[in-house]
Amino acid sequence: MSAETGAERTGKAGRTREAGGSAGAGRRPSRRFPLITRDTARPEGGGRAAPGDAPAPARQWPLLCVLAGAAAGLLVTLGHFRAGLLTVGLSLLAGAVLRWAVPSVGMLAVRSRFTDVVTYGVLGTAIVLLALMAQPAPVLEIPFLEDIVHFTIR
């Protein structure tokens, strides 16, 4: 099946013919996906975040900001685990905000905008909540979690 029109089909002898036997003049291109994918579409917002003549780090500033925040958080974790994990989680949440608000984020765009925002947001929120609930002396206590643990372990 052709990627452009989706109207050509191959017969048993290997010849191509028009679907339906008509001449095909005036037919609209098919809206169906091709049977064989020949290329991968770039995610929206996946272009450069700065002009092409800018230096490489400037073209990928959103990704570098998130990576720098996560790396700084991991370094802080060596001394104070809660503060370091909060920094890692907040940098992922900042990545979700950048992906949502900035039209072109370079390599921070991995999938569709919706999927990226949800993924970065859920992971960042989970890391922040787990850092706040970590023992000893948790900052955030959720009362029903202890009941669930006692119910499941008994």
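This passage describes the overall fold, the helix packing, the nonpolar core and selected loop residues of a predicted model.

The protein chain contains 5 helices and 2 strands, and, read from the N terminus, its elements follow the order β-β-α-α-α-α-α. Of the 154 residues in the protein chain, 23% count as buried. The protein chain exposes about 11,200 Å², of which carbon and sulfur atoms supply 65%. Among the contacts of the protein chain with a separation of 6 or more, 53% are accounted for by residues 24 or more positions apart.

Confidence varies along the model. The mean pLDDT of the protein chain is 80, with 77% of its residues reaching 70 or more. Among the elements of the protein chain, α3 has the highest mean pLDDT, at 96, whereas strand β2, which covers residues 16-18, has the lowest, at 47. Over residues 14-19 the pLDDT is below 50, although the model gives this stretch 15 contacts beyond near neighbours in sequence. The pLDDT also stays under 50 over residues 1-12, for which the model has 23 contacts beyond four places in sequence. Where pLDDT is low, the predicted coordinates should not be read in detail.

The packing of helices α2 and α3 can be described at the level of individual residues. The axes of α2 and α3 come within 6 Å and cross at roughly 170°; because angles over 145 degrees count as roughly antiparallel, the two helices α2 and α3 are roughly antiparallel to each other. On the side of α2, the contact is made by W61, P62, V66, G69, A70, G73, L74, V76 and T77, and on the side of α3 by F81, A83, G84, L85, T87, V88, S91, G95 and L98. One of these residues, S91, is found in helix α3, which spans residues 81-101. With a relative accessibility of 8%, S91 counts as buried, since buried means under 20%. When neighbours within four places in sequence are left aside, S91 is in contact with V66, G69 and A70, and these three residues are listed among those that α2 brings to the contact with α3.

The largest nonpolar core comprises 10 residues in all, namely L63, V66, L92, A96, L98, V102, V105, L108, A109 and Y120. The elements that give two or more residues to this core are α2, covering residues 61-77, and α3, and the largest share, 3 residues, comes from α3. In soluble globular proteins, nonpolar side chains tend to be buried together. Two members of this core, V66 and L98, also belong to the contact between α2 and α3. Another core member, L63, touches M107 and L108 when residues up to four places away in sequence are not counted, and L108 is itself part of the core.

At the start of α2, W61 connects several of these regions. W61 is placed in helix α2 and is partly exposed, with a relative accessible area of 35%. Not counting residues up to four places away in sequence, W61 touches A49, L98 and V102, of which L98 and V102 are core residues. The third partner, A49, lies in the loop between β2 and α1, the latter covering residues 56-59, and at 23% relative accessibility A49 counts as partly exposed. The C-alpha atoms of W61 and A49, 12 residues apart along the chain, are separated by 7.0 Å, while those of A49 and L63, 14 residues apart along the chain, are separated by 9.6 Å. Leaving aside its neighbours within four places in sequence, A49 is in contact with R59, W61, P62, S104, V105 and G106, and among these V105 is a member of the largest nonpolar core.

Backbone geometry is noted in the loop between α4 and α5. Q135 has its place in this loop, as does P136, with α4 spanning residues 113-133 and α5 residues 143-153. The peptide bond from Q135 to P136 is cis, with omega near -5°. Q135 is exposed, with a relative accessible area of 59%, and its C-alpha atom is separated by 9.6 Å from that of R82, although Q135 and R82 are 53 residues apart along the chain. A137 also lies in the loop between α4 and α5, where its phi is near 50°, a positive value in a residue other than glycine. At 60% relative accessibility, A137 counts as exposed.

Conventions: Residues numbered from 1 in each chain as written. Heavy atoms only, no water. Helix = DSSP H or I, 4+ residues; strand = E, 2+ residues; numbered from the N terminus. Buried < 20%, exposed > 50% of the residue type's maximum accessible area, 1.4 Å probe, protein only. Contact = heavy atoms within 4.5 Å. Core = buried A, V, L, I, M, F, W, Y, C linked by side-chain atoms within 4.5 Å. Areas by Shrake-Rupley, 256 points an atom, 1.4 Å probe, with all protein chains shown as cover. pLDDT = per-residue confidence, 0-100. Axes fitted to C-alpha atoms, helices over the stretch in contact; angles between N-to-C directions. Parallel < 35°, antiparallel > 145°, perpendicular 65-115°, else oblique.
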